[in-house]
Amino acid sequence: MARELILHIGHFKTGTTALQMYLDYNRDLLAEAGLHYAAETRKHAKHSALAFSLLRRAGVSELMHGYSSPRPPAKIWQALFDETRALPDGQSLLVSSEEFIRLGAHPEAAALLRKQINQASDLRFRVIAYLRPPQAHLQSWYNQLVKMGIPVGSFTTALCSQIEAVHWDYALALKPWVEIFGAEAVILRTYGPALREGDALYADFLGALGFPLPAEAEPMPGDPNRRIDPRRLAYHRGLNRVD
């Protein structure tokens, strides 16, 4: 049975940080069930270098969060493929980064991804993404931009000129993943308030991939990515725009 590489591609603001911390914190338990959270490029519980390497090579400079690794995408991805090939037959390697979803806004980066995937015909691939209602997503992403200290304009200004189209055009966001891997390999899940309760998100994610929720697994305490109180958003945005 072929070894499998699973790509969790986001979306942003769909519990990705909580999921990544859970997967990293419980990786030994998950490995016992045949799901291995990749070591290659893992940093702060996520694998964003895999996406950043493609985006940077494609000339993207916005929202790169200081990424400056000189390693070419081919070497980074080949190391990931090698980690997958080293698994026992029939087991799966998982990587996670919300930065993957940005490839839909940058066709050159998506073309580079296709080139890497073509070098791994011996592996099986699946892609999983969470989506939330677009208006709720956009408001949450705008809140995140302000929280990160980015000098955005009003919500309308940001939407028209500062927010990548993948945040409101889900067809665009998913286009490269369907074209490269096939629609049958792409798993879509709905993110909503019910998944914020207890272990619901972790159970939904693992269940969608066909893995059980380990009884001994523990979530990280607290909210790993708290949003700014909307009543204070304008205050924070103003502070971001002054010296």
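This section describes the sheet, the helices packed on it, the aromatic cluster, the enclosed and open spaces, and selected backbone features of a predicted model.

The model contains an open sheet of 5 strands, arranged in the order 2-3-1-4-5 with parallel pairing. Strand 2 (35–37) and strand 5 (186–190) occupy the edges; each has a single partner strand, so one side of each is left without a neighbour in the sheet. On average, neighbouring strands of the sheet are turned by 25° against each other, direction ignored.

Strand 1 (residues 4–8) is paired on both sides. It is joined by 5 bridges to strand 4 (residues 124–131), and the two run parallel. It also pairs with strand 3 over 5 bridges, again in the parallel sense. Ile6 takes part in both pairings: its bridge partner in strand 4 is Arg126, and its bridge partner in strand 3 is Leu94. Strand 3 is in turn joined to strand 2 by 3 bridges, with the two strands running parallel. Leu94 recurs here, as the bridge partner of Tyr37 in strand 3. Leu94 is thus a bridge partner of Ile6 and of Tyr37.

The burial of strand 3 was examined residue by residue. In a regular strand the side chains alternate between the two faces of the sheet. For strand 3, Ser92, Leu94 and Ser96 lie on one side and Leu93 and Val95 on the other, and all are buried, so that both faces are covered. Because 5 of its 5 residues are buried, strand 3 is largely enclosed by the rest of the structure.

Two of the helices that contact the sheet are described here. Helix 4 (residues 73–85) lies across strand 1, strand 3 (92–96) and strand 4, and runs at about 125° to strand 1. Helix 8 (residues 170–181) also packs on the sheet, where it touches strand 1, strand 4 and strand 5. The direction of helix 8 makes about 170° with that of strand 4. Strand 1 and strand 4 are therefore contacted by helix 4 as well as by helix 8.

Each of these helices carries an aromatic pair. The count for the structure comes to 11 aromatic pairs. One of them is formed by Trp77 and Phe81, which are tilted, with 6.0 Å from centre to centre and 55° between the planes. Both residues lie in helix 4, 4 residues apart, about one turn of the helix. Trp77 is buried, with a relative accessible area of 0%, and Phe81 is buried with a relative accessible area of 0%. A stacked pair is formed by Trp177 and Phe181, with 6.0 Å from centre to centre and 5° between the planes. Trp177 and Phe181 both belong to helix 8 and are likewise 4 residues apart, about one turn of the helix. Trp177 counts as buried at 0% relative accessibility; Phe181 has a relative accessible area of 11% and is buried because the cut-off is 20%. The residues of both pairs, together with Phe100 and Phe125, form one aromatic cluster.

The search for enclosed space over the whole structure gave 1 cavity of 30 Å³ or more. The largest cavity holds about 40 Å³ of space. Its lining consists of Phe12, Leu63, His65, Glu99, Arg102, Trp141, Glu164 and His167. The largest pocket holds about 1300 Å³ of space and is lined by 43 residues, of which Thr16, Thr17, Ala18, Glu98 and Asn225 lie nearest its centre. The elements giving two or more residues to the lining of this pocket are helix 1 (16–25), helix 3 (48–57), helix 6 (134–147) and helix 9 (200–209).

Three histidines are associated with backbone features in loops. The peptide bond from Gly10 to His11 is cis, with omega near 5°, and His11 is placed in the loop between strand 1 and helix 1. His44, although not a glycine, has a positive phi of about 55°. This residue is located in the loop between strand 2 and helix 3 and is exposed, with a relative accessible area of 70%. His65 also has a positive phi, near 50°, in a residue other than glycine. His65 is found in the loop between helix 3 and helix 4 and contributes to the lining of the largest cavity.

Notes: Residues are numbered from 1 along each chain as its sequence is written. This is a predicted model: local features need pLDDT of at least 70, side-chain atom pairs count only at pLDDT 80 or more; totals for chains, interfaces and linings use all residues. Side-chain values use heavy atoms; hydrogens and water are left out. Two strands pair if DSSP finds at least two bridges between them. Axes are lines fitted to C-alpha atoms, for helices over the stretch in contact, and angles run from 0 to 180 degrees between N-to-C directions. Contact means heavy atoms within 4.5 Å. Rings of Phe, Tyr and Trp (its six-membered ring) pair if their centres lie within 6.5 Å; planes under 30 degrees apart count as stacked, over 60 as edge-to-face and the rest as tilted. Buried means under 20% relative accessible area, exposed over 50%, partly exposed in between (1.4 Å probe, protein chains only). On a 1 Å grid over the protein atoms alone, a cavity is a set of points where a 1.4 Å probe fits but cannot get out, and a pocket is an open set with protein on both sides within 12 Å along at least five of seven lines; lining residues have an atom within 4 Å of a point. Grid points are joined across faces, edges and corners, and a volume is the space filled by probe spheres set on the points.
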